[in-house]
Amino acid sequence: MSTVFDFRGAPGSGWSQPEPIRHDSIESIPKSMRRKQLPSWPRASEPELVRHYTGLSQRNFGIDTGFYPLGSCTMKHNPRLNERIVQLPGIDRIHPLQSDSQVQGLLAIYYEMQEMLSICAGMDSVTLQPVAGAQGEFTAIRCIQEYHREQGQGNRDKVIVPDSAHGTNPASASMCGYEIIEIPSGKDGRLDIDALRSAVGSDTAAMMITNPSTLGLFEIEISEAARIVHEAGGQMYYDGANFNAIIGKTDPGLMGFDAVHYNLHKTFSQPHGGGGPGSGPIGVKAHLSKFLPTPIASRRPTQEGDPVGVGDGHWYFWEDVGENSIGKVQQWNGNAGAVVRAWAFYRRYGRDLERMSEHAVLNSNYLRHKIMNPSPEVAEGIHCMPAEGAASDVVMHEFTLSMSPLKELNGVTGKDVAKRLLDYGYMSPTLYFPQIVPECLMIEPTETESKEVLDKFASDFHSILSEDPDTVTSAPHTTPVSRVDEVWAARNLVLRHPGQDPGK
């Protein structure tokens, strides 16, 4: 492990800069704003500085360093070609306030991305403006809210979510002022249609649901659910977090959804988490289009007098949606870097996106089968959800495991297993979500992992189940930070830098 230095008091300096062009520049700064003494910056030689940041980078875990089975996050490989494209001077050196004539290439990319996302989700219009999945949820629900108000149905103040929903769903709806109605899952882990029938009414604004669900199960009665909600006058919202499982096979539009958000940082390979920002565009059916945030990328055939365009016979421009728009939800027009990376991914793999989903589902089922069929000595310590009454042994792109039998057997919890996986060189799966699964681990291998990687993960997982419980419950042992006493930390917060004067 590389050393990470404490620079306080270290001699030398790891940076240099030329002498100022104007030696009298200090005179332009009001005396009240001038420093009374030099800042106490850390000081180090250049080799020390390089080693410090290299050491920090080696403490990080990412998709480039190992298997990242973080359920519902789709941590797939990020093709390097995307990075080369987004770093082209004509893309990474432009400013959002430049005129349309100077950003025709980027506008063309935006327009194509809107069209491609519309097609793959069965929607009529798309905006790329939201810069996170949750912001996409909020944006779509706001469009639905304005739609109901225009219809004279502002009394619709309830949004329905299943108990397996992502936590951002009820949070986003609540931010729009809605009351949340939660409905339970059935014994097979899927949506309880009878509970939905009982929940809808004249005050229903929308239903928010992920399909496949966070249990990795396809909601086989989703069309019936859409019919029930629509007959009550509500709208259907599709959380696109798990879109990686169905693209090319079906789409939200065919299922009866009116609005959808996409995670470009999941399905379309934009790096995320510690590796980069997200992007959460939304698509809507035609009746919601006029409420979208403004502007969106548009095009028309070139006309006499137009500046030279991008050479395809069209002029691209930012177009206002109109007076019914909910307004901007982000300062500019979306996370341009994320959009370009996703566009590059889509253009490169567009014809293979159906195969992408097939391999994601295949890998998930293969890994689930490998984990659920261990050697006899560890078989009693593992159990897979959904349990009793499961309709099928087939899951979609992800699956959930319950560590409850292991906890009852020897006191090892799901959190213990997750932390021990860090010692084996893996990022831990999603832990304790969805909450309807006791001692839950949610695992999503994605389509970009090989059979060899999945086999080794399953073998290492089984090894952990057969280890001495004291070894597992005290893990991790090889990480820069070992097991943290979370209860103590919560009760004894340290919010001060180690070098800060305790009296300040």
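What percentage of the 504 residues in the protein do buried residues make up?

1. **Overall picture.** This is a predicted model. Buried residues account for 48% of the 504 residues. The secondary structure comprises 17 helices and 13 strands. Take the contacts between residues at least 6 apart in sequence: 74% of them join residues at least 24 apart.

2. **Helix 5, length.** Helix 5 covers residues 133-150. Its 18 residues should span 26 Å at 1.5 Å a residue, and the C-alpha atoms at its ends do lie 26 Å apart, so expectation and model agree. After the helix comes G152, which has a positive phi, near 75°.

3. **Helix 5, buried residues.** The buried set of helix 5 opens with G133, G136 and E137. It continues with T139, A140, I141, R142, C143, I144 and Q145, and is completed by Y147 and H148. Note that E137 and R142 are both on this buried list. An α-helix has 3.6 residues a turn, so residues three or four places apart point the same way.

4. **What helix 5 packs against.** The buried residues of helix 5 pack against helix 6. They also pack against four strands: strand 4 (204-210), strand 5 (235-240), strand 6 (259-262) and strand 7 (282-284).

5. **Helix 5 with helix 6, geometry.** Two packed helices are described by the angle between their axes and the distance between the axes. Here the axes of helix 5 and helix 6 (residues 168-175) come within 9 Å and cross at roughly 45°. Helix 5 is therefore oblique to helix 6. The crossing of the two is right-handed.

6. **Helix 5 with helix 6, residues.** Helix 5 brings A134, E137, F138 and I141 to the contact. Helix 6 meets them with T168, N169, S172, A173 and M175. By type, the contact residues divide into 5 nonpolar, 3 polar and 1 charged. Two of the helix 5 residues in this contact, E137 and I141, are also among the buried residues of helix 5.

7. **G240 in strand 5.** Is G240 buried or exposed? G240 sits in strand 5, one of the strands that the buried residues of helix 5 pack against. Its relative accessibility is 1%, so G240 counts as buried. Leaving aside residues up to four places away in sequence, G240 touches H261, N263 and T267. G240 and N211 are 29 residues apart in sequence, yet their C-alpha atoms are 7.9 Å apart in space.

How values were computed
Residues are numbered from 1 along each chain as its sequence is written. This is a predicted model: local features need pLDDT of at least 70, side-chain atom pairs count only at pLDDT 80 or more; totals for chains, interfaces and linings use all residues. Side-chain values use heavy atoms; hydrogens and water are left out. Axes are lines fitted to C-alpha atoms, for helices over the stretch in contact, and angles run from 0 to 180 degrees between N-to-C directions. Angles under 35 degrees count as roughly parallel, over 145 as roughly antiparallel, 65 to 115 as roughly perpendicular and the rest as oblique. A crossing is left-handed if the near helix is turned anticlockwise from the far one by less than a right angle, and right-handed if clockwise. Contact means heavy atoms within 4.5 Å. Ala, Val, Leu, Ile, Met, Phe, Trp, Tyr, Cys and Pro count as nonpolar, Asp, Glu, Lys and Arg as charged, and the others, Gly among them, as polar. The expected span of a helix is 1.5 Å times one less than its number of residues. Buried means under 20% relative accessible area, exposed over 50%, partly exposed in between (1.4 Å probe, protein chains only).
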